[in-house]
Amino acid sequence: MSTEPPSAHVVQLAAHALERIRSYLRDHPEGPADVRVQVSDEPGAELTVPREAVVLLARALSHLADGHAVTVLPADAELTTQQAADLLHVSRPFLIRLLESGEIRYRKVGSHRRVDLQSLLDYRRVDDARTLRAANELSALDEELGLI
């Protein structure tokens with residue numbers, strides 16, 4: 001799982017491809033379940049993929065075009081503690097405390113912990129909502145006190 005940001009060339013290519021894919025999806029909102037993709041200029045270089053894969057590709061390209069690294073994982077994936085900590089942008093010891101407090105599901109494989117991706121994403125969603133609520137409350141308090 002790489003967290004390296006994409007090069008300027010990749011960002012540019014992603015932005016161009018994203019524009020084309022968004023245009024296709026916009027022009028074909030109720031399009032076919034399968035989409036044919038031309039992978040090169042050679043005759044017969046066509047690939048048929050599920051529409052869901054095209055939508056997923058558009059999401060990945062959007063992140064790449066914004067200069068962010070992208071990793072695609074199956075929903076039932078398990079991560080190492082370092083990968084999970086990197087995904088949350090926290091230290092590994094902080095993540096271990098979250099695991100041991102029961103905030104995020106994990107299992108042990110020998111002496112190693114494997115973190116449940118769905119549980120990790122659920123935690124991040126709840127934590128982001130909690131952070132947003134706190135920021136809104138502080139903003140409202142600032143307004144109430146005339147600090148803004």
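The exercises below, each with a worked solution, concern a predicted model.

**Exercise 1. Helix 1 and helix 2**

Task: Find how the axes of helix 1 and helix 2 are arranged, and state the handedness of their crossing.

Solution:
- Two packed helices are described by the angle between their axes and by the distance between those axes.
- Helix 1 covers residues 8-27 and helix 2 covers residues 51-65.
- Their axes come within 8 Å, and the crossing angle is roughly 140 degrees.
- Angles over 145 degrees would count as roughly antiparallel, and 65 to 115 as roughly perpendicular.
- The pair of helix 1 and helix 2 is therefore oblique.
- The crossing of helix 1 and helix 2 is left-handed.

**Exercise 2. Helix 3 and helix 5**

Task: Carry out the analysis for helix 3 and helix 5.

Solution:
- The axes of helix 3 and helix 5 come within 11 Å.
- They cross at roughly 25 degrees.
- Angles under 35 degrees count as roughly parallel, so helix 3 and helix 5 are roughly parallel to each other.
- The handedness of the crossing between helix 3 and helix 5 is right-handed.

**Exercise 3. Salt bridges**

Task: State how many salt bridges the structure holds, then place the pairs E46 with R36, E78 with R107, and R125 with D122.

Solution:
- Side chains of opposite charge can pair when their charged atoms come close.
- The structure holds 6 salt bridges.
- One of them joins E46 and R36, whose closest N and O atoms are 3.3 Å apart.
- E46 sits in strand 2 (residues 46-50) and R36 in strand 1 (residues 34-38), so this pair ties together parts that are 10 residues apart in sequence.
- E46 is partly exposed, at 47% relative accessible area, while R36 is exposed, at 62%.
- In another salt bridge, the side chains of E78 and R107 meet at 2.6 Å, N to O.
- E78 belongs to strand 3 (residues 78-79) and R107 to strand 4 (residues 106-109), so the pair ties together parts that are 29 residues apart in sequence.
- E78 is partly exposed, with a relative accessibility of 35%, and R107 is partly exposed at 44%.
- R125 and D122 also form a salt bridge, with their closest N and O atoms 2.5 Å apart.
- R125 and D122 are both in helix 5, and because they are 3 residues apart there, about one helical turn separates them.
- D122 is partly exposed, with a relative accessible area of 32%.

**Exercise 4. The backbone at H89**

Task: Locate H89, say what is notable about its phi, and decide whether H89 is buried or exposed.

Solution:
- H89 lies in the loop that runs between helix 3 (81-88) and helix 4 (92-100).
- Most residues other than glycine have a negative phi.
- H89 is not a glycine, yet its phi is positive, at about 60 degrees.
- The relative accessible area of H89 is 73%.
- Exposed means over 50%, so H89 is exposed.

**Exercise 5. Sequence separation and spatial distance**

Task: Give the sequence separation and the C-alpha distance for P6 with L64 and for A17 with P74.

Solution:
- P6 is found in the segment before helix 1.
- A relative accessible area under 20% counts as buried, so P6, at 18%, is buried.
- P6 and L64 are 58 residues apart in sequence, and their C-alpha atoms are 6.6 Å apart in space.
- A17 is in helix 1, and A17 is partly exposed, with a relative accessible area of 26%.
- A17 and P74 are 57 residues apart in sequence, and the C-alpha to C-alpha distance is 24 Å.

**Exercise 6. A nonpolar surface patch**

Task: Name the residues of the nonpolar patch on the surface, give their accessible area together, and place L147.

Solution:
- The patch is formed by L138, L141, L145, L147 and I148.
- Together these residues have about 560 Å² of accessible area.
- L147 is located in the segment after helix 5 (117-144).
- The relative accessibility of L147 is 61%, so L147 counts as exposed.

Definitions and conventions:
Residues are numbered from 1 along each chain as its sequence is written. This is a predicted model: local features need pLDDT of at least 70, side-chain atom pairs count only at pLDDT 80 or more; totals for chains, interfaces and linings use all residues. Side-chain values use heavy atoms; hydrogens and water are left out. Patches are made of residues with over 30% relative accessible area and no salt bridge: like charges are joined within 9 Å, nonpolar side chains (Val, Leu, Ile, Met, Phe, Trp, Tyr) within 5 Å. Accessible areas come from the Shrake-Rupley method with a 1.4 Å probe; for residues, only the protein chains shown count as cover. A salt bridge is a side-chain nitrogen of Lys or Arg within 4 Å of a carboxyl oxygen of Asp or Glu. Helices (H or I, at least four residues) and strands (E, at least two) are DSSP runs, numbered from the N terminus. Buried means under 20% relative accessible area, exposed over 50%, partly exposed in between (1.4 Å probe, protein chains only). Axes are lines fitted to C-alpha atoms, for helices over the stretch in contact, and angles run from 0 to 180 degrees between N-to-C directions. A crossing is left-handed if the near helix is turned anticlockwise from the far one by less than a right angle, and right-handed if clockwise.
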